[in-house]
Amino acid sequence: MSKPVIGVMPQCDAEGGRIVISPDYFRAVKEAGGVPLLLPLENDPRDTEEILERFDGFLYPGGPDINPLLFGEEALPECGNIIPERDRLELSLLPAILRSKRPVFGICRGIQSMNVALGGTLYQDIPVQLEGNLRVGHYQQAGDTVLTHRVAVKRGTLLYDIVKKDTLEVNSFHHQACRRLGRGLVENAQASDAVVEAVSLENYDFFLGVQWHPEHLYAVSDDMARIWRAFVGACRRKSAVIINAG
């Protein structure tokens, strides 16, 4: 069977006017048996069906903050850089991806983008907006592969089915997070301060968003490698269904 082709939403160097991507996303997909290809930043809606036909799954990577106007709020002073073109691409493509039943995996900004696309809201800045005493440092100063806090995984969820564990140790590089979950989203894991760390979508084969960065951990954590293999495996199954239907 041919390898599944994964469409990767582009990261962007706004100042330099360049499309970029961390190589760890591509390495993780390749190690799990997929072929990653970068999507264009600007998508003509008339090309959406062509894009769906050519990709077996989609990856929403990390990146800058999402425009709060997209979930009905004005930006707080703590809100960071915003790239409107990326917001438009990711939010406009997700409904079409879901209609096609393609697997989708979101990381850090990715889980937040997927949540907003489904009508959810975000904490624009966790230290400012989260009530109670913070017990978790969500933006670590340690290196990419250092595990700095734990997340509690809920049984009966997609994430639990993949890792078969009640607790995972993760890295963390974010100051925003899902607040109110969007339509059909189910919490799969949370940090000890109740910040949502993973979500899936009801009645969907593979829709997973995680707040940490497993692309940095696939080579050093069996748990993270399992997540990547589960995503690429779902894309492979989708590819086989499409080929058989054709």
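This short talk walks through the sheet, the helices that cover it, the aromatic pairs and the salt bridges of one predicted model.

Let me begin with the sheet, since much of what I will say later refers back to its strands. The model contains an open sheet of nine strands, in the order 4-1-5-6-13-12-11-8-9, and the pairing within the sheet is mixed. Strand 4, residues 35–38, and strand 9 stand at the edges, and each has a single partner strand, so one side of each is left without a neighbour in the sheet. From one strand to the next, the twist averages 20°.

Within that order I would like to dwell on strand 5, which covers residues 57–60. On one flank, strand 5 runs parallel to strand 1, residues 5–8, and the two are joined by three bridges; here Val 8 is the residue that stands opposite Leu 59. On the other flank, strand 5 runs parallel to strand 6, residues 104–107, again with three bridges, and in this pairing Leu 59 stands opposite Phe 105. The connection between these last two strands passes through helix 3, residues 84–100, and strand 5, helix 3 and strand 6 together make a right-handed β-α-β unit.

Which way do the side chains of strand 5 point? In a regular strand, as a general matter, side chains alternate between the two faces of the sheet. In strand 5, Gly 57 and Leu 59 point one way while Phe 58 and Tyr 60 point the other, and all of them are buried.

Further along the sheet there is also an antiparallel pairing, in which five bridges join strand 11, residues 185–191, to strand 12, residues 196–201. In that pairing, Val 186 stands opposite Ser 200.

Two helices that lie across the sheet deserve a mention. Helix 1, residues 23–31, lies across strands 1, 4, 5 and 6, and runs at about 150° to strand 4. Helix 4, residues 109–117, lies across strands 5, 6, 11, 12 and 13, and its angle to strand 6 is about 120°.

Now to the aromatic residues, where the count comes to six pairs. One of them is formed by Phe 55 and Phe 58, with 5.7 Å from centre to centre and 55° between the planes, which makes the pair tilted. Phe 55 counts as buried because its relative accessibility is 10%, and Phe 58 counts as buried because its value is 0%. Another pair, Phe 105 with Trp 228, is edge-to-face, at 5.1 Å from centre to centre and 75° between the planes. Phe 105 lies in strand 6 and Trp 228 in helix 7, so this pair ties together parts that are 123 residues apart in sequence. Both Phe 105 and Trp 228 are buried, and ring pairs link these two with Phe 206 and Phe 231 into a cluster.

Finally, the charged side chains. How many salt bridges does a search of the whole structure find? The search finds twelve, and I will take a few of them in turn.

Arg 46 and Asp 44 meet in a salt bridge at 2.6 Å, N to O. Arg 46 counts as exposed because its relative accessibility is 71%, whereas Asp 44, at 27%, counts as partly exposed.

Asp 166 and Arg 155 meet at 2.8 Å, N to O. Asp 166 sits in the loop between helix 6 and strand 9, and Arg 155 in the loop between strand 8 and helix 6, eleven residues apart. Asp 166 is partly exposed, at 36% relative accessibility, while Arg 155 is exposed, at 59%.

The salt bridge between Lys 165 and Asp 223 is at 3.0 Å, N to O. Lys 165 belongs to the loop between helix 6 and strand 9, and Asp 223 to helix 7, residues 222–245, so the pair ties together parts that are 58 residues apart in sequence. Is Asp 223 buried or exposed? At 10% relative accessibility, Asp 223 counts as buried, whereas its partner Lys 165 is partly exposed, with a relative accessible area of 36%.

To close with a larger grouping, Arg 86, Asp 87, Glu 90 and Arg 109 are linked in a network of salt bridges.

Conventions:
Residues are numbered from 1 along each chain as its sequence is written. This is a predicted model: local features need pLDDT of at least 70, side-chain atom pairs count only at pLDDT 80 or more; totals for chains, interfaces and linings use all residues. Side-chain values use heavy atoms; hydrogens and water are left out. A salt bridge is a side-chain nitrogen of Lys or Arg within 4 Å of a carboxyl oxygen of Asp or Glu. Buried means under 20% relative accessible area, exposed over 50%, partly exposed in between (1.4 Å probe, protein chains only). Helices (H or I, at least four residues) and strands (E, at least two) are DSSP runs, numbered from the N terminus. Two strands pair if DSSP finds at least two bridges between them. A crossover is right-handed if, with the strands pointing away from the viewer, the path from the first strand over the helix to the second runs clockwise. Rings of Phe, Tyr and Trp (its six-membered ring) pair if their centres lie within 6.5 Å; planes under 30 degrees apart count as stacked, over 60 as edge-to-face and the rest as tilted. Axes are lines fitted to C-alpha atoms, for helices over the stretch in contact, and angles run from 0 to 180 degrees between N-to-C directions. Contact means heavy atoms within 4.5 Å.
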